[in-house]
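Q: Please take one close look at the first stretch of the chain and follow its contacts outward. Which side chains are covered, and what do they touch? Then carry on to the loops and helices elsewhere.

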Amino acid sequence: MSIICNYAVLRFQPYPETGEFANLGIVMVCNNGQFLEMVETRTRKRVTNFFDKLDPAVFTNARQAFAKEVHRVAELANAHPYDTALQLGLFKHLTAPSETMFRFSQPGTIATDDPTATLQELFNRYVCHDFTQREDAETQLKRRINTLLKEQFTDRTYREEKLGDELYHVTFPFVWQNGGITAQAIRPLSFDLDDTKSIIDKGDRWIMQMNRLAKHGGMPQDTVFICKEPTSSNTDQQKVYREIAAELRSSHQIRVIPHEIPRTQMRGLLASAQLH
């Protein structure tokens, strides 16, 4: 008989405003009384290279403390293997939405004959594999845009800049200043995320940030978001992405450009900024 398990992916997200995160582990509660956890605590460079502006000591110390907390919760749950309500309560408490650097994905459900083996499979999929294939999509997109800008715009210099004032600012990796005026700001974004909630949450954060930035006088003459769409065939993910893209476009005339368009067409779109 299959064992039903709820699981959630542990994420390290030091900069919530960017939506970028690294998967670090899996927690799982099963209806046979097992409460399992697996957290990556051996390597550091995989994460600190991704978040290259983060002090490695901050990550190492914070991860160690959080891993101990996850292990403590698992031990408490496994001390009461027949108390389903307690175990589910601990799982929900541990994986509840938070504003810390460590947070969990929306829980999923899986049926298995071997929870321990399935835990390892999920760990391999989300932690050992998806980090380079999915979470790194935004970094890869930044590199591609950086190359294109240097090759195609010899008359423009793009730099990473903080736009806004002393009370509120937003960092853009590619900002072109023209005659002392912020002429164009470009931000690559990946919405190729695990679920609809993650897509909505990331989109809402950027809509909020741009609204706030406008109030603090930091909007450039031309704002461009170059977006990677969800690759999943899930129609709900496609639908919410289209909603987010439409809201971004209607917010302060932000331009949303799909990342997969040909290089020459991308150059033309970026060069056609309506400066005023």
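A: Start with C5. Its relative accessible area is 0%, so C5 is buried. This is a predicted model, and that holds for every value below. C227 is another buried cysteine, because its relative accessibility is 1%, under the 20% cut-off. How many disulfides does the structure hold? The count is 0.

Now take R11. This arginine sits in strand β1, which runs over residues 3–12. Is R11 buried or exposed? R11 is buried, because its relative accessibility is 6% and the limit for buried is 20%. Its side chain has a polar partner: a contact of 3.5 Å links it to the side chain of S198. S198 also appears in the wider contact list of R11, which leaves out neighbours within four places in sequence. That list includes F21, A22 and N23. It also includes M101, F102, R103 and S105. D194 and D195 complete it, along with S198.

F12 is next. F12 also lies in strand β1. Its relative accessible area is 0%, so F12 is buried. Which residues does F12 touch, once neighbours within four places are set aside? The contacts are E20, F21, A22, L24, V47, F51, L54, F59, M101 and F102. Set this beside the list for R11. F21, A22, M101 and F102 are contacts of R11, and F21, A22, M101 and F102 are contacts of F12 as well. One C-alpha distance helps to place F12. F12 and T100 are 88 residues apart in sequence, yet 8.9 Å apart in space.

L54 is one of the partners of F12. It lies in the loop between α1 (45–48) and α2 (56–78). Despite the loop position, L54 is buried, because its relative accessibility is 11%. Seen from L54, the contacts beyond four places in sequence are F12, Y15 and F59. F59 is thus in contact with L54 and with F12. For a longer reach, take L54 and A185. They are 131 residues apart in sequence, and their C-alpha atoms are 23 Å apart.

Next, a loop with two backbone details. H252 lies between α7 (235–250) and β10 (255–258). Its phi is positive, about 60°, although H252 is not a glycine. Q253 is in the loop between α7 and β10 too. Q253 is likewise not a glycine, and its phi is positive, near 55°. How do they stand in accessibility? H252 is partly exposed, because its value is 37%. Q253 is exposed, because its value is 67% and the threshold is over 50%.

Last, a helix pair. Two packed helices are described by the angle between their axes and the distance between the axes. For α5 (residues 137–152) and α8 (residues 263–271), the axes come within 11 Å and cross at roughly 70°. That angle falls in the 65 to 115 degree range, so α5 and α8 are roughly perpendicular to each other. On the α5 side, the contact is made by R144, I145, T147, L148, L149, E151 and Q152. On the α8 side, it is made by R263, M266, R267 and L270. By class, the residues of this contact divide into 5 nonpolar, 2 polar and 4 charged.

How values were computed: Residues are numbered from 1 along each chain as its sequence is written. This is a predicted model: local features need pLDDT of at least 70, side-chain atom pairs count only at pLDDT 80 or more; totals for chains, interfaces and linings use all residues. Side-chain values use heavy atoms; hydrogens and water are left out. Helices (H or I, at least four residues) and strands (E, at least two) are DSSP runs, numbered from the N terminus. Buried means under 20% relative accessible area, exposed over 50%, partly exposed in between (1.4 Å probe, protein chains only). A polar contact is a pair of N or O atoms within 3.5 Å; within protein, one must be able to donate a hydrogen and the other to accept it, and residues adjacent in sequence count only if both atoms are side-chain atoms. Contact means heavy atoms within 4.5 Å. A disulfide is a pair of cysteine sulfur atoms within 2.5 Å. Axes are lines fitted to C-alpha atoms, for helices over the stretch in contact, and angles run from 0 to 180 degrees between N-to-C directions. Angles under 35 degrees count as roughly parallel, over 145 as roughly antiparallel, 65 to 115 as roughly perpendicular and the rest as oblique. Ala, Val, Leu, Ile, Met, Phe, Trp, Tyr, Cys and Pro count as nonpolar, Asp, Glu, Lys and Arg as charged, and the others, Gly among them, as polar.
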